[in-house]
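I set out to record what the UniProt entry marks in this protein and how the marked parts sit in the fold. The notes below follow the order in which I looked things up.

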Amino acid sequence: MLDRPHPTPEAPTTDPFALAKALSGVHLIGGRYVPARSGKTFSVVNPATGQEVARAADGDAADVDAAVEDAARAQKEWARMPARKRGALVAQCAALMRTHVEELGRLIALETGKALRTESRVEANTVADILEFFGGLGGELKGETVPFAPDVLSVTVREPLGVVGAIIPWNVPMLLMALKVAPALVAGNTVVVKSAEEAPLAVLRICELMNRVLPAGVFNMVSGFGPECGAPLVAHSKVRKVTFTGSVETGKIVSKAAAEKLIPVTLELGGKSPMIVFADCDFEKTLAGAITSMRFTRQGQSCTAASRIYVERPIFQRFVDAMAEKVDAMVMGDPLDEKTDIGTIISEGQFEKVKSFIDEGVATKGANGRACSAMPSDPALKKGLFIQPYIFTGLDKDSRLVREEIFGPVTCVMPFDDPEAVLAEANDSEYGLAASLWTNNLKVGLNLAHRLEAGLVQINQNLVVQANLSYGGVKSSGLGKEASLEAMLEHFTHKKTIMVNMG
Ligand code: NAI
Ligand code: MG
């Protein structure tokens with residue numbers, strides 16, 4: 001359905017530099033690539049070199065209005081399409097993602113600095129997985145029959161909410177977008193996505209690919225900055241639902257604006273996720289789990305990063321040393337190089353923020369910060385936003401490094417002696433996104449799992465978002481769930497009651 005005066009390649013391409021250029025300067029509105037009404041653009045930078053790779057359309061309220069109007073126009077007909085047919089189209093998009101995994105992986109690696117082998121290609125595959133999962137759920141948009149009176153038929157039906165505004169961040173933009181767009185569409189809504197200013201390209205290409213399958217106006221995308229482009233999307237009178245992933249601070253702004261219009265909002269915000277390691281754990285499995293849980297391969301830029309690791313005292317030092325050794329063996333370098341495990345931080349702003357936490361940790365009396373791995377030696381990368389992963393010990397529980405979300409490759413490891421004390425420490429946080437427990441004593445594990453304040457608790461594993469498992473936090477980590485059937489039904493539909501009096 002795509003009207004394409006804009007010269008993006010028809011076939012999948014493995015040249016992310018050319019693709020980035022081809023995707024420059026446009027939103028995707030009503031099935032067409034269009035420049036910003038203002039004509040303005042902003043720079044998209046390769047964080048591994050500091051070089052500009054594209055210029056994105058700098059959207060404002062006028063672009064948002066055009067996108068929402070098109071989405072609203074398309075929504076009536078989209079909602080009338082049988083739900084399983086909508087699902088089938090989303091599943092068709094999933095198949096298209098599969099043939100573009102390499103392309104999307106390379107493009108997201110270029111614009112975010114996330115390593116292709118360990119992160120970016122994986123993310124592209126997960127997008128296909130999420131679309132496949134939701135594509136099969138059209139038939140599950142079921143209502144209920146409600147007992148009322150013998151000659152009255154009372155039923156509920158699930159109806160879409162209308163136009164959904166989705167605001168996404170830069171850390172896993174393709175995946176987080178898929179978690180919002182797929183269920184919203186299958187449920188009969190149409191969508192306007194506001195991409196993150198640091199990573200607007202790969203999501204735009206996905207929008208293009210999906211627009212080859214979907215009717216025009218069903219899935220629209222604008223790029224731009226938060227206050228200028230995100231805020232008007234939330235405030236638009238025809239946007240009937242907002243779904244947001246990002247910082248707690250911005251989440252509160254979005255939530256207040258949604259409250260002004262009395263529309264529902266789903267928020268996936270930050271985390272400071274504890275990992276609790278008992279001495280009786282399977283040491284090697286837990287060690288590997290600590291490396292993946294902390295998302296070192298994503299430079300720790302994850303809301304579920306195990307950024308507080310509590311280790312039972314008998315194995316504490318051994319665990320810290322073994323962890324440092326493992327991270328030392330990881331290769332930092334060009335995100336597009338297959339040998340690279342760890343890429344770069346997304347932006348200068350985030351780079352400075354992470355550095356300030358590290359500097360504070362290093363300057364803290366009694367603390368020990370071990371810088372692991374090694375800075376890349378390639379001169380082409382000398383302006384890259386690389387930060388050596390840090391493992392801190394000896395920090396007080398009130399240290400800013402232990403309490404605040406760093407969103408960088410920095411973890412704090414602390415010893416504990418008593419399960420009750422470690423539970424209290426783990427729960428002493430404004431966040432409540434995820435937690436993991438590592439023990440062969442399932443009695444202790446399950447007991448603590450029930451009492452940890454988190455939306456997701458895993459014992460002896462710490463997987464990332466998986467389609468079919470509800471994902472979402474408590475406390476300041478957010479409101480509502482994503483990734484599951486429950487999430488689609490609760491957050492992208494409302495129930496209407498219909499009664500028929502047959503008496
Ligand atoms: P942010 O929350 O400011 O940005 C996320 C999205 O919200 C972006 O698309 C941005 O343009 C948009 N936005 C910003 N202000 C807005 C407004 N007034 N109205 C509507 N939309 C708006 O996050 P940022 O600045 O990229 O990162 C700051 C911190 O947030 C990170 O250091 C990290 O701690 C946390 N974060 C958490 C994420 C998560 O996965 N939960 C993802 C990204 C960041
Ligand atoms: Mg911000």
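**Annotated active site.** I began with the UniProt record, an unreviewed entry, which lists E268 under "active site". The coordinates I consulted are a predicted model. I located E268 in strand β10, which spans residues 265–268.

I then asked whether E268 is buried or exposed. Its relative accessible area is 4%, and a residue under 20% is classed as buried, so E268 is buried.

Next I listed the contacts of E268, leaving out residues up to four places away in sequence. E268 touches F244, T245 and G246, and also L433. The list continues with Y471, G472, G473, S477, G480, K481 and E482.

**Annotated domain.** The same unreviewed UniProt entry gives "domain: Aldehyde dehydrogenase" for residues 34–498. Over residues 34–498 I noted 41% helix and 20% strand. The C-alpha atoms at the two ends of this stretch are 42 Å apart.

**Nonpolar cores.** I turned to the largest nonpolar core, which has 78 residues. L131 and M210 have the most contacts inside this core. Helix α6 (residues 173–186) gives the most to the core, namely 11 residues. I also noted that domain 1 (16–269) and domain 2 (274–467) each supply at least three residues to this core.

I looked up the partners of M210, setting aside neighbours within four places in sequence. M210 is in contact with C93, M97, L131, V181, L185 and F219.

Apart from this core I recorded another one, of 31 residues. Its members include A48, F296, A324 and I342.

Notes: Residues are numbered from 1 along each chain as its sequence is written. Chains are lettered from A and ligands numbered from 1 in the order in which they are written. This is a predicted model: local features need pLDDT of at least 70, side-chain atom pairs count only at pLDDT 80 or more; totals for chains, interfaces and linings use all residues. Side-chain values use heavy atoms; hydrogens and water are left out. A nonpolar core is a set of buried Ala, Val, Leu, Ile, Met, Phe, Trp, Tyr and Cys residues joined through side-chain atoms within 4.5 Å. Buried means under 20% relative accessible area, exposed over 50%, partly exposed in between (1.4 Å probe, protein chains only). Helices (H or I, at least four residues) and strands (E, at least two) are DSSP runs, numbered from the N terminus. Domain bounds come from an automatic or database domain assignment. Contact means heavy atoms within 4.5 Å. UniProt positions are given in the numbering used here, feature names are shortened, and annotations may be inferred rather than shown by experiment.
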